[in-house]
Amino acid sequence: MKVSLFVVILAVVSAVAVPSADGQAKPSPEGTIVNVNKQDVATPAVRAGANLDHAPLQSHYYLYNVSVQLNCDIYVGSYESESDDLPDTLSPNNHVPIRIAKHVMYLDFPGAPVKMQIVRHKVSQADTCGQAGLAKQ
């Protein structure tokens, strides 16, 4: 009895899930990378005047703040890398497919999307946004 009930439930769930899998995924809208700022971060920080021979070992990484404009909105995402070289696809004026979730933005590059924490969001005041940008604020 329990096995047949399980089979019926599994069949119902499978029948409901299959039509939604057939639907085409909506392509991500395209945004434009406006600016990229790089910071060299060393942790832990060493205080000024400290004896460098006795200071703890530091790890270095690079923190990139990538500004992407989507319509009238500008999202600034934080991207950490151990490498000093940023991929060419994350250069200013490049068009990128972008998805926005709660506090995260995804740049949907083919193969591997880049995930970034959103550290700032603002409405662009550029002329191309016109009154729509002013009404959103």
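Two strands count as paired if DSSP finds at least two bridges between them. With that in hand, meet a predicted model of a chain with 137 residues. Strand 1 (residues 30–43) and strand 4 (residues 95–100) pair in the antiparallel sense, with three bridges between them. Because three bridges join these strands and the cut-off is at least two, strands 1 and 4 qualify as a pair.

**The overall picture**

- You'll find two helices and six strands in this chain.
- Walk along the sequence and the order is α-β-β-β-β-β-β-α, with a helix opening the pattern and another closing it.
- Of the 137 residues, 25% are buried.
- The chain has an accessible surface of about 10000 Å², and carbon and sulfur atoms account for 57% of that surface.
- Take the contacts between residues at least 6 apart in sequence: 52% of them link residues at least 24 apart.

**How strand 1 connects**

- Strand 1 runs antiparallel to strand 2, and eleven bridges join the two.
- One residue to look at on this side is Asn35, whose bridge partner in strand 2 is Ser67.
- Strand 1 also pairs with strand 4, again in the antiparallel sense.
- Over there, Thr32 has His95 of strand 4 as its bridge partner.

**Two residues to visit in strand 2**

- Ser67 sits in strand 2, and its relative accessibility is 13%, so Ser67 counts as buried.
- Leaving aside residues up to four places away in sequence, Ser67 touches Thr32, Ile33, Val34, Asn35, Ile74, Tyr75 and Val76. Among them is Asn35, the bridge partner mentioned above.
- Leu63 is another strand 2 residue, and at 15% relative accessibility Leu63 is buried too.
- With the same sequence neighbours left out, the residues Leu63 touches are Asn37, Lys38, Gln39, Val41, Ser78, Tyr79 and Glu80.
- Leu63 and Ser78 are 15 residues apart along the chain, yet 6.8 Å separates their C-alpha atoms.
- As a bit of background, side chains in a regular strand alternate between the two faces of the sheet.

**The tyrosine pair**

- Search the whole structure and you get one aromatic pair.
- That pair is Tyr64 with Tyr79: the ring centres are 6.2 Å apart and the planes sit at 40°, so the pair is tilted.
- Tyr64 belongs to strand 2 (residues 59–70) and Tyr79 to strand 3 (residues 73–81), so the pair ties together parts that are 15 residues apart in sequence.
- Both Tyr64 and Tyr79 are buried.

**Around Arg99**

- The whole structure has one salt bridge, and Arg99 forms it with Asp108.
- The closest N and O atoms of Arg99 and Asp108 are 2.8 Å apart.
- More broadly, side chains of opposite charge can pair when their charged atoms come close.
- How do the partners compare in exposure? Arg99 is partly exposed, with a relative accessible area of 38%, whereas Asp108 counts as buried at 19%.
- The figure for Asp108 is 19% and buried means under 20%, so Asp108 makes the cut.
- Arg99 also lies over the face of Tyr106, at 4.5 Å from the ring centre.

Conventions
Residues are numbered from 1 along each chain as its sequence is written. This is a predicted model: local features need pLDDT of at least 70, side-chain atom pairs count only at pLDDT 80 or more; totals for chains, interfaces and linings use all residues. Side-chain values use heavy atoms; hydrogens and water are left out. Helices (H or I, at least four residues) and strands (E, at least two) are DSSP runs, numbered from the N terminus. Buried means under 20% relative accessible area, exposed over 50%, partly exposed in between (1.4 Å probe, protein chains only). Contact means heavy atoms within 4.5 Å. Accessible areas come from the Shrake-Rupley method with a 1.4 Å probe; for residues, only the protein chains shown count as cover. A salt bridge is a side-chain nitrogen of Lys or Arg within 4 Å of a carboxyl oxygen of Asp or Glu. Rings of Phe, Tyr and Trp (its six-membered ring) pair if their centres lie within 6.5 Å; planes under 30 degrees apart count as stacked, over 60 as edge-to-face and the rest as tilted. A charge sits over a ring if NZ of Lys or CZ of Arg is within 6 Å of the ring centre and within 35 degrees of the ring normal.
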